[in-house]
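Please look through the structure below with an eye to its internal spaces and to one pair of packed helices. The paragraphs that follow take these topics in turn.

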Amino acid sequence: MRAFWEGVAEVWPHIAVVLTLFVSVVTSGYVILYKRDSRSAIIWVVFIWLMPLLGALVYLGFGVNRVRLRARALRGKSGWYQPVPPTEVCLPEHSGRALPKEFVHLRPLAEFLGKVAEKPIEPGNQFKLLVNGDEAYPEMLRALDAAEKTITFCTYIFDNDRWGKRFAEALGRAVKRGVKVRVLIDDAGARYSWPSIVKYLRSLEVPVVRFLPTFAPWRLMTMNLRNHRKVVVVDGRIGFTGGMNIRQGHVIKEGGKKLVQDLHFLIEGPVVRQLQEAFAEDWFFTTRKRLEGEEWFPPLARKGTVFARALVAGPDKHFEKLRWAIQGALACAQKSVRIVTPYFIPDQSLISALNVTAMRGVTVDIIMPSQNNLPPVDWASRAMWWQVLERGCRIWLTPPPFDHSKLLLVDDLWAMIGSANWDPRSLRLNFELNVECYGGDLAGQVGEIIEKKRRTARQISLEEMDRRPLAIRLRDGLARLLSPYL
């Protein structure tokens, strides 16, 4: 036995060297093949070889995009909900041809987004802009109380406050009338108030589920996979979407300490089917139950003049689609780009796209709240402003209360509305839903609301940013280093 262990002692150093080389080669190869950023790849390869074994372990723990891998594994299971294929006249690659002549310079954008979204553009939609909970909540509650067959309700935050209970009770009344109700609340968003509204909904016999519960140990890899979509569809015919959660603070006229401005939209027309498809996909993923048939997907007549298409984004099979949509829209802009967002932390690709757009002579206005509800996000954002200001983009800060609105308007003809912010969380981690819209009355409504915000806002100059005290600039710069995680 002693001879055996002596033999092992002699051979073991050689085995360790071979094993170390093997692990380093395999890990380096994986980095070279799959790491998108070449600078990041170089750093990781050097680290792996300078710190044998330890470098490989650190990369496996922190360098692999496990969030995306986990999302694709979860959302890519067999038996996934498949929407009804588009009709022959509205195939995605034909989207641009369906637009009227006045949109000639936006036809390439429509063709491009058809390939990105893999959905057709739908003509004949009607949009109604709803400002704050003051306008949106009564309209939504009226629709819920008028529901005859089905209600699908998806939100990120659903607070257990006075307005949250009004929505819960409206859903409960619908259940008692025999309406088929399905409610999906993100698990993290359900915890913004205590006790959670989920218990109250269940007491009213409302079918409700949480999207990806976060507290279980085996859910640690999905903590960042949040469903940030806001979609309500009544009888498969009336849709609501935008940036608004369900919480007391959105009703501005009632006052309070935590008021939040926001916008929502009432939609009628063929594109409502695409909103319902997005909900059905999320519901199937969460419950493994399908929503099928005419009660959920009735035939939809044309109601207005807006061409529209839903843009579904997330860290799964829809990864980076929202970023592509933004970059495509910026590339097609000829006169103006107007952005309203509560959180502005663009990556370098979006900063370059904004700068190129401004340097082409396009007016680029970025409108944000002067007082942010998340100070570290605000600090990280301010650390980046100089990068767009120095190339001609304009930044405007709106007065309180905090503005949570999300809008993108190009050439006063193309608008994108929905749930996504201009930050890494929305563009890479969250499940989001936006809607792209061409013309009709909507572009005018969006343009008016943006101009109203700009008139009350204060413009920020590059000189003002340069005059910030050194301590403030260092604070903002440190926050920017954390921007991928904010």
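How much space lies in the second largest cavity? The answer is about 60 Å³, in a predicted model where local features need pLDDT of at least 70, side-chain atom pairs count only at pLDDT 80 or more, and totals for chains, interfaces and linings use all residues. Residues are numbered from 1 along each chain as its sequence is written, and side-chain values use heavy atoms, with hydrogens and water left out.

A cavity here is a set of points on a 1 Å grid over the protein atoms alone where a 1.4 Å probe fits but cannot get out, and lining residues have an atom within 4 Å of a point. Grid points are joined across faces, edges and corners, and a volume is the space filled by probe spheres set on the points. The second largest cavity has 13 lining residues, of which Met140, Val232, Met244, Ile246 and His264 lie nearest its centre. Two or more residues of this lining come from each of α6 (132-146), β2 (150-155) and β5 (231-234), and β2 contributes the most, with three residues; helices (H or I, at least four residues) and strands (E, at least two) are DSSP runs, numbered from the N terminus.

There are three cavities of 30 Å³ or more, and the largest has a volume of about 80 Å³. Its lining includes Leu322, Ile326, Leu407, Leu408, Met416, Ile417 and Trp422, and the elements that give two or more residues to it are α10, β14 (407-410) and β15 (414-418).

Helix α10 (residues 321-332) also packs beside helix α11 (residues 348-359), their axes, which are lines fitted to C-alpha atoms over the stretch in contact, coming within 9 Å and crossing at roughly 15 degrees. The two helices are therefore roughly parallel to each other, a term that covers angles under 35 degrees. In their contact (heavy atoms within 4.5 Å), Arg323, Ile326, Gln327 and Leu330 of α10 meet Ser349, Leu350, Ala353, Leu354 and Thr357 of α11. Ile326 is thus named both in this contact and in the lining of the largest cavity.

Turning to open space, a pocket is an open set of grid points with protein on both sides within 12 Å along at least five of seven lines. The second largest pocket has a volume of about 860 Å³, and of its 35 lining residues Ile157, Tyr192, Tyr343, Asn373 and Leu374 lie nearest its centre.

How values were computed: Axes fitted to C-alpha atoms, helices over the stretch in contact; angles between N-to-C directions. Parallel < 35°, antiparallel > 145°, perpendicular 65-115°, else oblique.
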